[in-house]
Amino acid sequence: MWNDNAQIVDTYVDHFGSGRGVVREELVDRHILEHLGDELDGRRIVDFGSGAGQQTIRFAERGCHVTLVEPSPLMMDRARARLAELPTEVGDRVTMVCATAQEAAAELPKASFDAVLSHGVLMYLDSPVPLVTIMVEAARPGGLVSVLTKSSEALAARAGFQGDFATALRAFEQAETTRGWLGVDTRGDSVAGLTDCLAGLGAERLAWHGVGVFSDHRDDLDGRSAAELATLVELEYRAGRIDPYRGIARLIHVLARRTA
Ligand SMILES: C[S@@+](CC[C@H](N)C(=O)[O-])C[C@H]1O[C@@H](n2cnc3c(N)ncnc32)[C@H](O)[C@@H]1O
């Protein structure tokens, strides 16, 4: 369950300026662009659980119309602060809905968005099904559905690579839930499970990627130069799309297309 308090929100938003945050943001952005195509002007995107809009406001900068759906007023304040630093026309392309995905879905048009995103949200929900259903329903036929969440299949990797071997070993005994770096318990999903869920709702998987293969467990990225981080992004991009590397990533990014 997401715990909305100022400390968690600040820690989370600051994370996006960190090395790990930059890698995640760049990778997810690239994956989405690969499926959205070159013509971005006027595309309609909705982001469920958008946080401070870190991932999505950049699409508004590229000419897309973006709807941020976010229940946390604290996160919304951070998104507004971010938009205030950008040209007015970018803000004019952003609609903010302060609500849960479930509440917003009742108001938003169905089958109309070119891309429906939800990144880092499923892990805080008891089951993926309600949110993935809302996502597929919001996408127009042919529209993109982009889900980023925690992998349930590599729970030992972070602690193991960090040298916390006891925690890593315990991860094999746990169900899907482990404590994330924000101190909040999070649940994992598998690529196969999400693929089945999407297929059952009328969306076929286009691709899946691992995110954080070489970076998730590292806390020494912040001092790295921009060139080193760019190399890391390239490395992660290559590794995140092939086995066996992507299978041990902390995060899985599943991209699907609504068929029906
Ligand atoms: C870890 S943040 C992820 C933010 C952003 N999507 C990103 O990729 O950085 C999780 C967000 O999910 C939001 N959230 C939690 N439950 C939600 C729900 N039922 N519907 C929509 N958003 C939700 C939280 O308020 C929080 O901002």
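Q: What relative accessible area does R241 have?
A: In this predicted model, buried means under 20% relative accessible area and exposed means over 50%, with partly exposed in between. R241 counts as partly exposed, because its relative accessible area is 31%.

Q: With which residue does E34 form a salt bridge?
A: E34 is in helix α2, whereas its partner is in the loop between α11 and β9 (251-258), so far along the chain that the two are 207 residues apart. E34 itself counts as partly exposed, at 36% relative accessibility. The closest N and O atoms of this salt bridge are 3.5 Å apart, and the partner of E34 is R241.

Q: How many residues apart in sequence are the parts that E234 and R30 tie together?
A: The side chains of E234 and R30 meet in a salt bridge, with 2.8 Å from N to O. E234 is partly exposed at 36% relative accessible area, and R30 is also partly exposed, at 28%. Because E234 lies in helix α11 (residues 226-239) and R30 lies in helix α2, the pair ties together parts whose separation in sequence, in residues, is 204.

Q: Is H209 buried or exposed?
A: H209 has its place in strand β8 (residues 203-211), and, leaving aside neighbours within four places in sequence, its contacts include H31, E34, R241 and H253. The cut-off for a buried residue is under 20% relative accessible area. Since the relative accessibility of H209 is 3%, H209 counts as buried.

Q: Which helix gives the largest share of the largest nonpolar core?
A: The largest nonpolar core has 32 residues, and I32, L36, I45, F59 and V66 are the ones that touch the most other members. One of these, I45, is in contact with residues including L36, F59, V66 and F113, when neighbours within four places in sequence are left aside. The largest share of this core amounts to five residues, and they come from helix α2.

Q: How many residues are in the second, separate core?
A: Among the members of this second core are I134, V145, L194 and A203. I134 is also one of the buried residues of helix α7, along with L131, V132 and M135, among others. The number of residues in the second, separate core is 30.

Q: How many of the ten residues of helix α7 are buried?
A: The buried residues of α7 include T133, V136 and A138. Helix α7 spans residues 129-138 and is largely enclosed by the rest of the structure, because the number of its ten residues that are buried is seven.

Conventions
Residues are numbered from 1 along each chain as its sequence is written. This is a predicted model: local features need pLDDT of at least 70, side-chain atom pairs count only at pLDDT 80 or more; totals for chains, interfaces and linings use all residues. Side-chain values use heavy atoms; hydrogens and water are left out. Buried means under 20% relative accessible area, exposed over 50%, partly exposed in between (1.4 Å probe, protein chains only). Helices (H or I, at least four residues) and strands (E, at least two) are DSSP runs, numbered from the N terminus. A nonpolar core is a set of buried Ala, Val, Leu, Ile, Met, Phe, Trp, Tyr and Cys residues joined through side-chain atoms within 4.5 Å. Contact means heavy atoms within 4.5 Å. A salt bridge is a side-chain nitrogen of Lys or Arg within 4 Å of a carboxyl oxygen of Asp or Glu.
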